[in-house]
Amino acid sequence: MTNVVKFNGYTTVDIEPDSVLDGAKGALSTVIVIGHNKHDDTSYIAASTADKKRLLWMIEQFKYKLFNGDFD
C-alpha cells in the first residue's frame with residue numbers, strides 16, 4: 001500500500017474537478033461553483049447563499065487576488 005498525501009496548495013497544473021470539490025467539503029462557510037459542463041461546454045453556476053451582494057463581493061475579492069498575483 002502506498003502512502004499518498006494530497007497537495008492542498010496552489011499549483012500550475014490542472015486538477016480533476018471532483019478532487020477540488022472533495023477538498024472543499026466541510027471546510028467552507030460559503031461557496032460559489034463556476035464551471036463548464038464536460039459534455040457541451042455550457043456554463044454551470046451554483047452558490048450556497050442567495051445573497052447577491054455577498055456573491056458579488058466574493059467574486060470581486062477573488063478577482064483582486066488573481067490579478068494581484070496571490071495565486072502565483
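Ile 34 sits in strand E1, and it makes a handy way into this predicted model. With a relative accessibility of 61%, Ile 34 counts as exposed, because the cut-off for that label is over 50%. Ile 34 also has nonpolar company: together with Ile 45 and Ile 59 it forms a patch on the surface, and the three share about 310 Å² of accessible area.

Now zoom out to the whole chain. What order do the elements follow from the N terminus on? They run α-β-β-α, which fits a count of two helices and two strands. The chain exposes about 7100 Å², with carbon and sulfur atoms supplying 56% of that area. Buried residues, on the other hand, account for 3% of the 72 residues. As for contacts, take those between residues at least 6 apart in sequence: 22% of them join residues at least 24 apart.

Let's walk along the chain, beginning with helix H1, which covers residues 17-24. Leu 21 lies in this helix. Is Leu 21 buried or exposed? Neither label fits: its relative accessibility is 42%, so Leu 21 counts as partly exposed. If you want a distance to check in your viewer, try the C-alpha atoms of Leu 21 and Val 33, which are 9.0 Å apart although twelve residues separate the two along the chain.

Asp 22 brings in a charged pair. It forms a salt bridge with Lys 25, where the closest N and O atoms are 3.3 Å apart. The two partners get different labels: Asp 22 is partly exposed because its relative accessibility is 43%, while Lys 25 is exposed because its relative accessible area reaches 63%.

Next comes the loop between helix H1 and strand E1 (32-36), and this is the place of Thr 30. Why does Thr 30 count as buried? Its relative accessibility is 15%, and the label applies because that value is under 20%. Which residues does Thr 30 touch, once neighbours within four places in sequence are left aside? They are Ser 48, Thr 49, Arg 54 and Met 58. With one of these, Arg 54, there is also a side-chain to side-chain polar contact of 2.8 Å.

Past strand E1, the chain enters the loop that leads to strand E2 (43-47), and there you'll find Asp 41. Its backbone deserves a look: phi of Asp 41 is near 60 degrees, a positive value in a residue other than glycine. For background, most residues other than glycine have a negative phi. Asp 41 counts as exposed, because its relative accessible area is 56%.

The last stop is helix H2, residues 52-68. Here Glu 60 and Lys 63 form a salt bridge, with the closest N and O atoms 3.3 Å apart. How far apart do these two sit along the helix? They are separated by about one helical turn, because they are three residues apart in H2. Glu 60 is partly exposed, since its relative accessible area is 35%, and Lys 63 is likewise partly exposed because its relative accessibility is 35%.

How many salt bridges turn up in a search of the whole structure? The search finds two. You have now met the pair Asp 22 and Lys 25, as well as the pair Glu 60 and Lys 63.

Key: Residues are numbered from 1 along each chain as its sequence is written. This is a predicted model: local features need pLDDT of at least 70, side-chain atom pairs count only at pLDDT 80 or more; totals for chains, interfaces and linings use all residues. Side-chain values use heavy atoms; hydrogens and water are left out. Helices (H or I, at least four residues) and strands (E, at least two) are DSSP runs, numbered from the N terminus. Buried means under 20% relative accessible area, exposed over 50%, partly exposed in between (1.4 Å probe, protein chains only). A polar contact is a pair of N or O atoms within 3.5 Å; within protein, one must be able to donate a hydrogen and the other to accept it, and residues adjacent in sequence count only if both atoms are side-chain atoms. Contact means heavy atoms within 4.5 Å. A salt bridge is a side-chain nitrogen of Lys or Arg within 4 Å of a carboxyl oxygen of Asp or Glu. Accessible areas come from the Shrake-Rupley method with a 1.4 Å probe; for residues, only the protein chains shown count as cover. Patches are made of residues with over 30% relative accessible area and no salt bridge: like charges are joined within 9 Å, nonpolar side chains (Val, Leu, Ile, Met, Phe, Trp, Tyr) within 5 Å.
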